[in-house]
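Colleague: Could you take a close look at one part of this model for me, and then walk me outward from there to the rest of the chain?

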Amino acid sequence: MLTTNLQIMDISNDTRVHAYSLAALARYFLKLGTFGFGGPVALIGYMHRDLVEQRQWISEEEYREGLALAQLAPGPLAAQLGIYLGYVHYGVWGATLTGLAFVLPSFVMVVLLGMAYQSFGGLPWMQSVFYGVGSAVIGIIGLSCYKLTIKSVGKLDVPAIKSKWVLWLFFMLMALVTAITEREEVWLFILLGLAYMVIKAPPKWLQRSSTPLSVILLASTGFWHFEPGKLLQLALFFTEAGAFVFGSGLAIIPFLHAGVVNEMAWLNEQQFLDSVAVAMITPGPVVITVGFIGFLVSGFAGAIVAALGVFLPCFVFTVLPAPYFKKISKNESIKAFVDGITASVVGALVGSVFVIAGRSIVDVPSAVIAIVTVLALIYVKKLQEPYIIVIAAVVGVLLKYYS
C-alpha cells in the first residue's frame, strides 16, 4: 500500500522510498515540455499545482527552496526549477532526466520550425506572416519588461522607488547603456551586482578564499554541414549567455540580440525577431529560442551546440549548490549580489526593447499591432502568447496581400 507521506527515511542506510518513480517524474516533465504554454511564470505555476498540490510528490518547502535557488542562480527560471525538483529525491540522475525531458520537446519543435523557415523564408507569404508576428513580439516583450521590472526592481511609486533607489539607479544605467551602445556588457552586470552587495550586505567572508563553481565548456559536435570554427564561436557565446543571465528566459534577449545581430552578424534584425516569435509559439522554456538561432547559423549541429551552451551552465549552477543551498539561500550578501545583477539585467532588457522596436516598428500598421498586443494581454483574461502570435500572423498576411 502506498504511504500517505511524501517519503519515508530509512535512517540506517539513508535510503528514501517515494510515492513516485523517476520514470513517472520524467514523463510528467516530458508532458509539461510538450504542452506547457505561457512562459516561465506559468510553467513554475504548473509545477506547483501538479507536483505539490495535486500529486504531493514534492513538499512545499522543497518547492520553495528550488524556486529560491532558481532565482539566485543564473539561467532560465523554469528549467532550473524543473532540474532542482528532479534532484530533490533522485540526485544527479533525477536532475538530468527531468531537465532533458523538459527541454527536448520544444527543442525538436524549434528545429522543425527552423527547417521550414530555411525552406520557405524567402517566400512572400512567409515574410507576411513574420511581419505581423514580429510586431506582436515587440508588444509581448514590452509588457514582459514592465512585469519583470515590477517583480525584480520594485513598484512604480514614490515610496518604493525611494526605498530601492540604488536598484532603480542600476536599472536606469543599464537601460541607457544598452539603448545607446546596443551591446550587452556582462562585466558591468557583475560590477553592479558586487557594488550592491557591498552597499546592502557587506560579506564577512570578503577577505576569505572561496572555491568558484566550475564552468563547462562545450566541445563542438560533428553532424551534417557546419563550420567547426563557427560551432566553437556558438559554444562560447551561448555558454556565456547561459552563465550570466538571471531570471526569466526573456532576460536573455538583450544579450542574444547584442551578440547575434550586432557583434557576430549571424542573423539580421528580422531573423532575430522571428527567432523570438518561434519561442513564443512553442511550449516549454522561452529560452529555447537559442535552438532556432543555432539552427539558422549552423544547421542541426548549431542548434545542439547553442542549446547545450545555454542549458549546461543552468544544470551546473543548479546541481552543484543544491546540497548546500539551505545555507546559501540565507546569505544576505549573496541575495544582495543577485538583486543588483537582476536589476541591471532587467534594465538592459528595457534598453534592448527600444533598440529592437526602433528597427522593427517600420510603419503605422506594425505599431498598431504592437500596441493592440499589449492591450489584449492586459485586458483579455487568460489570453496566452501563442494565440496572439497566430492572430498577428494572420493579420500580417492580410495587410500584405490586401493593402
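Modeller: Lys155 sits in the loop between α5 (124-152) and α6 (158-163). Bear in mind that this is a predicted model. With a relative accessibility of 57%, Lys155 counts as exposed, because the cut-off for that is over 50%. Still, Lys155 has company: leaving aside residues up to four places away in sequence, Lys155 touches Ile150, Ala160, Ile161 and Trp168.

For a contrast, try Ser275, which belongs to helix α11 (residues 269-281). Ser275 has a relative accessible area of 0%, so this residue is buried. Setting aside residues up to four places away in sequence again, the contacts of Ser275 are Leu267, Thr289, Phe292, Ile293 and Leu296.

Now the wider chain. It has 16 helices and two strands, and 53% of its 403 residues count as buried. Take the contacts in the chain with a separation of 6 or more: 72% of them join residues 24 or more positions apart.

The aromatic rings give a nice example of such links. There are nine aromatic pairs in the structure. One of them is Phe29 with Phe102, an edge-to-face pair with 6.0 Å from centre to centre and 75° between the planes. That pair ties together distant parts of the chain, since Phe29 is in helix α1 (residues 22-35) and Phe102 is in helix α4 (residues 77-120), 73 residues apart. Phe29 and Phe102 are both buried. Then there's Phe237 with Phe238: the ring centres are 5.1 Å apart and the planes meet at 80°, so this pair is edge-to-face too. Phe237 is buried, and Phe238 is buried as well.

Rings also gather into a cluster, where ring pairs link Tyr20, Trp57 and Tyr90. Trp57 has a charged visitor: Arg55 lies over the face of the Trp57 ring, 5.3 Å from its centre.

On to charges. Side chains of opposite charge can pair when their charged atoms come close. Here the count of salt bridges comes to one: the side chains of Arg49 and Asp50 meet, at 2.8 Å from N to O. The two partners are worth checking for burial. Asp50 has 8% relative accessibility and so counts as buried, while Arg49, with a relative accessible area of 38%, is partly exposed.

Last stop, helix α15 (residues 364-379), where the geometry can be checked by hand. At 1.5 Å a residue, its 16 residues should span 22 Å, and the end C-alpha atoms are indeed 22 Å apart, so the two agree. Which residues of α15 are buried? They are Ser366, Ile369, Ala370, Thr373, Ala376 and Leu377. These buried residues cover an arc of only 130° around the axis, which puts them on the same side of α15. Over on the other side of α15, you'll find Val364, Ile371 and Tyr379 exposed.

Conventions:
Residues are numbered from 1 along each chain as its sequence is written. This is a predicted model: local features need pLDDT of at least 70, side-chain atom pairs count only at pLDDT 80 or more; totals for chains, interfaces and linings use all residues. Side-chain values use heavy atoms; hydrogens and water are left out. Helices (H or I, at least four residues) and strands (E, at least two) are DSSP runs, numbered from the N terminus. The expected span of a helix is 1.5 Å times one less than its number of residues. Buried means under 20% relative accessible area, exposed over 50%, partly exposed in between (1.4 Å probe, protein chains only). The arc is that of the directions from the helix axis to the C-beta atoms. Rings of Phe, Tyr and Trp (its six-membered ring) pair if their centres lie within 6.5 Å; planes under 30 degrees apart count as stacked, over 60 as edge-to-face and the rest as tilted. A charge sits over a ring if NZ of Lys or CZ of Arg is within 6 Å of the ring centre and within 35 degrees of the ring normal. Contact means heavy atoms within 4.5 Å. A salt bridge is a side-chain nitrogen of Lys or Arg within 4 Å of a carboxyl oxygen of Asp or Glu.
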